[in-house]
Amino acid sequence: MSANTAPAAPSVHRRALITQLAVYPTITVALGLLGSVLGGLALPLKTLILTAIVAPLAVYVIVPTLMKANARLTRR
């Protein structure tokens, strides 16, 4: 692979798995940390708060990190 050639993007199935590996633990941790704080709120409000935290974290931090790790592993 030359310096100008980007590695092939992972398959849609692998991207789905990477996304799942990012989102599920992040939601679990967020619920564990915020569950008691959010306990008395209505479900739509809990969901709004949770997604406002989890979505940006997953999209901008966790998924890119996992994609880089995937690229390193598949180059071996």
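Here are some short exercises with worked solutions on the predicted model shown above.

**Exercise 1. Work out whether the protein chain is spread out or a compact globule.**

Step 1: Start with the secondary structure, which comes to 2 helices and 0 strands.

Step 2: Set the radius of gyration, 16 Å, beside the 11 Å that the globule rule gives for 76 residues. The chain's value is well over the rule's value, so the chain is more spread out than a compact globule.

Step 3: Now look at the box filled by the C-alpha atoms, roughly 55 × 20 × 20 Å along the principal axes.

**Exercise 2. Describe the burial, surface and contacts of the protein chain.**

Step 1: Of the 76 residues, 16% are buried.

Step 2: Turn to the surface: the chain exposes about 5800 Å², and 70% of that comes from carbon and sulfur atoms.

Step 3: Finish with the contacts that have a separation of 6 or more; residues 24 or more positions apart account for 65% of them.

**Exercise 3. Decide whether Tyr60 is buried or exposed, and find the patch it belongs to.**

Step 1: Locate Tyr60 in helix 2, which covers residues 43-75.

Step 2: Check its relative accessibility, which is 67%. The cut-off for exposed is over 50%, so Tyr60 counts as exposed.

Step 3: Look at its partners. Together with Leu57, Val59 and Val61, Tyr60 forms a nonpolar patch on the surface, and the four residues share about 410 Å² of accessible area.

**Exercise 4. Decide whether Asn70 is buried or exposed, and list its contacts beyond its sequence neighbours.**

Step 1: Asn70 also sits in a helix, namely helix 2.

Step 2: Its relative accessible area is 12%. Buried means under 20%, so Asn70 is buried.

Step 3: Set aside the neighbours within four places in sequence. Asn70 is then in contact with Pro10, Arg14 and Ile18.

Step 4: Take one of these partners, Pro10, and compare sequence with space. Asn70 and Pro10 are 60 residues apart in sequence, while their C-alpha atoms lie 8.3 Å apart.

Methods: Residues are numbered from 1 along each chain as its sequence is written. This is a predicted model: local features need pLDDT of at least 70, side-chain atom pairs count only at pLDDT 80 or more; totals for chains, interfaces and linings use all residues. Side-chain values use heavy atoms; hydrogens and water are left out. Helices (H or I, at least four residues) and strands (E, at least two) are DSSP runs, numbered from the N terminus. The radius of gyration is taken over C-alpha atoms; the globule rule is 2.2 Å times the number of residues to the power 0.38. Buried means under 20% relative accessible area, exposed over 50%, partly exposed in between (1.4 Å probe, protein chains only). Contact means heavy atoms within 4.5 Å. Accessible areas come from the Shrake-Rupley method with a 1.4 Å probe; for residues, only the protein chains shown count as cover. Patches are made of residues with over 30% relative accessible area and no salt bridge: like charges are joined within 9 Å, nonpolar side chains (Val, Leu, Ile, Met, Phe, Trp, Tyr) within 5 Å. A salt bridge is a side-chain nitrogen of Lys or Arg within 4 Å of a carboxyl oxygen of Asp or Glu.
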